[in-house]
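Student: Could you show me how to read a model such as this one, feature by feature, giving the general idea before the particular case?

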Amino acid sequence: MLSIYIIISALTTFELVADTPKFTAQVVDNDVAIGYGVAIGDVDGDKKPDILLADKKRFVWYRNGDWKRFVLVENLTESDNVCIAARDIDGDGKVEIAVGAQWNPGETSDTVKSGSVHYLMRPTDPTQLWTPVKLHHEPTVHRMRWVKVGNNKFHLVVLPLHGRGNKDGKGRGVRALSYERPKDPKTKWKLFSIDTTMHLTHNLDLIMDGQGEALYIGGKEGIKVFKFSKSGWAVDRGNEWVAQGNSFGEIRIAAQQQTPLFIAGIEPMHGNFLTVYNSKKEKIILASDLNQGHALGVADLLSKGSMQIVAGWREPDSKKRTGIKIFLPQDGTSSKWLNYWIDDNEIACEDLQLADLDGDGKKDVIASGRATHNLKIYWNKN
């Protein structure tokens, strides 16, 4: 595991044109309002991963193949939608879906005016509207993921941006919660407290850990690691904090055989730095010129036997460009990196996911654009 003692190593990355990674862009939807969150999963049970999107006033999915858009639910709350979680948690080959809405980050106390969590009940025909089931929520609900907590057992982890009554990242800590789905989802869900000590918790990631998954939460104070057992959630003793004292917006874990190879982050929240914390306990700065970095993914897209990082930002940088780049390590230590464009100024990237959509064994990039109002697939041609 990574230590809390960090050596700072700021290295320059270079844009090259030779041997550029090859991605072919396809616009799936050019009528996206904001595109707050992207998820991937098989909605209709045809064994093909579909795209799901949390947009401003509707949650939708796009059918793999023709990419036709279907509405799951719309106008769920007065304020915007903000997040979506999709995963097959019962082994039937089709995803279960939860959503977060009533996005009102300026209101941190009123549970009516800020935050919502709903589980969506599947209809017989998944192309028809789904039925929302209202669950407990905290104000400023912002991110959620289905997390494996044991053999064939999953929780819905929900992460608010602020603690109750919090202002400017100060005050009570964020109440991170997990929900256990009952046999009948319309009945009361069991709640578990994960943590109440962090502030401005913006995103989370998972890695396999035995029969379950370890949970990494990134926020104002750093990255904190949690594991679930029969007695509930607890910090990972000995590795409680990663990069403590550094403020994170986005985090993604590169792991191999349940061991973290490195952690990629965007610092601070909505920040300009793309960073890596590698196995040598070094912090490497890959980029310092992002403007509102807001999307991150880690995978071996290029079949090089090493992990690459995909990062997107949503506001124009110093050269008046938004977009998505891929960052490649030059050696096995992940201390030197090169970068290449995937999308040069044709998407103001709000969120992205990496997934093999066409079954060719190579992960593609799926991204939503905020100011550009688009949803795109970047097909992996490497």
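**Rings, strands and a pocket**

Tutor: Trp 341 is buried, with a relative accessible area of 17%, where buried means under 20%, exposed over 50% and partly exposed in between, computed with a 1.4 Å probe on protein chains only. The model is a predicted one, in which local features need pLDDT of at least 70 and side-chain atom pairs count only at pLDDT 80 or more, while totals for chains, interfaces and linings use all residues. Residues are numbered from 1 along each chain as its sequence is written, and side-chain values use heavy atoms, with hydrogens and water left out.

Student: How is a contact between two aromatic rings described, and how many aromatic pairs does the count come to here?

Tutor: A ring pair is described by the distance of the centres and the angle of the planes. Rings of Phe, Tyr and Trp (the six-membered ring of Trp) pair if their centres lie within 6.5 Å, and the planes count as stacked under 30 degrees apart, as edge-to-face over 60 and as tilted otherwise. The count by this rule is 9 aromatic pairs. One of them joins Phe 248 and Tyr 277, a tilted pair at 5.6 Å centre to centre with 55° between the planes. Phe 248 lies in the loop between strand E20 (241-242) and E21, whereas Tyr 277 lies in strand E23 (residues 273-278), so the pair ties together parts that are 29 residues apart in sequence. Strands here are DSSP runs of E of at least two residues, numbered from the N terminus. Both Phe 248 and Tyr 277 are buried.

Student: What kind of pair do Trp 313 and Trp 341 form?

Tutor: Trp 313 and Trp 341 form a tilted pair, with 5.6 Å centre to centre and 50° between the planes. Since Trp 313 lies in strand E26 and Trp 341 in strand E28 (residues 337-344), this pair ties together parts that are 28 residues apart in sequence. Trp 313 counts as buried, at 2% relative accessibility. Lys 325 lies over the face of Trp 341, at 4.7 Å from the ring centre; a charge sits over a ring if NZ of Lys or CZ of Arg is within 6 Å of the ring centre and within 35 degrees of the ring normal. Elsewhere, ring pairs link Tyr 119, Trp 146 and Trp 189 into a cluster.

Student: Why is strand E26 largely enclosed by the rest of the structure?

Tutor: Of the 6 residues of strand E26 (residues 308-313), 6 are buried, so the strand is largely enclosed by the rest of the structure. One side of E26 carries Gln 308, Val 310 and Gly 312 and the other Ile 309, Ala 311 and Trp 313, and all of these are buried, so that both faces are covered. Two strands pair if DSSP finds at least two bridges between them. E25 and E26 run antiparallel and are joined by 6 bridges, with Ala 299 opposite Gln 308. E26 and strand E27 (residues 323-329) also run antiparallel, joined by 5 bridges, and here Ala 311 stands opposite Lys 325.

Student: Turning to empty space, what is the volume of the largest pocket, and which residues lie nearest its centre?

Tutor: Rolling a probe the size of a water molecule over the atoms shows where empty space is left. On a 1 Å grid over the protein atoms alone, a pocket is an open set of points where a 1.4 Å probe fits, with protein on both sides within 12 Å along at least five of seven lines, and its lining residues have an atom within 4 Å of a point. Its volume is the space filled by probe spheres set on the points. The largest pocket has a volume of about 1,100 Å³. It is lined by 40 residues, of which Arg 145, Asp 205, Arg 252, Gln 353 and Leu 354 lie nearest its centre. Among the strands that each supply at least two lining residues are strand E12 (141-150), strand E21 (250-256) and strand E29 (349-355), while E16 gives the most, with 6 residues.

Student: Which backbone details deserve a look?

Tutor: A cis peptide bond joins Glu 267 and Pro 268, with omega about -20°, and Pro 268 lies in the loop between strand E22 (259-267) and E23. His 270, in the loop between E22 and E23, has a positive phi near 60° although it is a residue other than glycine, and it is partly exposed, with a relative accessible area of 29%. Asn 75 likewise has a positive phi, of about 50°, without being a glycine; it is found in the loop between strand E7 (69-74) and E8 and counts as exposed at 54% relative accessibility.

Definitions and conventions:
Helix = DSSP H or I, 4+ residues; strand = E, 2+ residues; numbered from the N terminus.
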